[in-house]
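This report describes a single protein chain. The sequence and structure are shown below, and the account follows directly.

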Amino acid sequence: KYETKVQELDVHRKEIIQMVKNGSSQKEIAEKYGISTDDASHVYMYVLGNYDKIAAENGASDTSEIQLHYGDLLSTTVNGTTIVLKAKITSSLTKKMTVASCFYDVYDAVEKYGLDQYDELQYWAVADMTDGSEQKVISFTVPHGTLEKIANGSIVEGQLQSYSTDVWLSP
């Protein structure tokens, strides 16, 4: 039912999605498009709940198709306009090479799968430790502006770490 309301507003779809991404209230959406607050609430929730599908319609690949070159993708989660990639990696020759391979995988995935459609990409990786346990070894966030820079080629994969935020590396 609310998909129909979104389709009725299809002319404004990108604007509404942008409003949701920018944190506009349901009341603001209702007022701007002359719909009831109740309808705006349902449209708003539909956009958030189906962002993966909407992103795909705008050029992102089906997230279940994402493959990494250096690690095994354990899960892909879309939470509103944020995509979270969780991977299991194996160590390279050096820690620096292992870290670089994670950033390469994310850069490659953004390019190949149109992940610049998301507001933010979060990456987490675990690895097997020498004691046999599995622990988180790296995590970082790629903000939307950086995702766009990857997509338009204005940064290369070797620069991704410096454009990422919340970079955490296992000691």
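How many bridges join strand E1 to strand E2? The number is 8, and the strands, E1 at residues 71–79 and E2 at residues 82–89, run antiparallel. Helices (H or I, at least four residues) and strands (E, at least two) are DSSP runs numbered from the N terminus, and two strands pair if DSSP finds at least two bridges between them.

The model is predicted: local features need pLDDT of at least 70, side-chain atom pairs count only at pLDDT 80 or more, and totals for chains, interfaces and linings use all residues. Residues are numbered from 1 along each chain as its sequence is written, and side-chain values use heavy atoms, with hydrogens and water left out. The mean pLDDT (the predictor's confidence in each residue, from 0 to 100) is 83, and 82% of residues reach 70 or more. Among the elements, helix H1 (residues 2–8) has the lowest mean pLDDT, 60, and helix H8 (residues 160–163) the highest, 96.

Within the pairing of E1 and E2, Thr77 has Val84 of E2 as its bridge partner. The two strands form a hairpin with 2 residues between them. Positive phi values occur at the following residues.

| Residue | Location | Phi |
|---|---|---|
| Gly80 | turn between E1 and E2 | about 65° |
| Gly114 | just after H6 | about 65° |
| Asp166 | strand E5 (residues 165–169) | near 50° |

Most residues other than glycine have a negative phi. Asp166 is exposed, because its relative accessible area is 58%; buried means under 20%, exposed over 50%, and partly exposed in between (1.4 Å probe, protein chains only).

Asn22, in the loop between helix H2 (13–21) and helix H3 (26–33), counts as exposed because its relative accessibility is 57%. Its C-alpha lies 9.6 Å from that of Asp119, although Asn22 and Asp119 are 97 residues apart in sequence.

Helix H6 (residues 95–113) has 19 residues and spans 27 Å from first to last C-alpha, close to the expected 27 Å, which is 1.5 Å times one less than the number of residues. Its buried residues include Thr98, Cys102, Phe103 and Tyr113.

H6 also gives the most to the lining of the largest pocket, with 3 residues. A pocket is an open set of points on a 1 Å grid over the protein atoms alone, where a 1.4 Å probe fits, with protein on both sides within 12 Å along at least five of seven lines; lining residues have an atom within 4 Å of a point. Of the 14 lining residues, the closest to the centre are Ser91, Lys95, Thr98, Val137 and Ser170.
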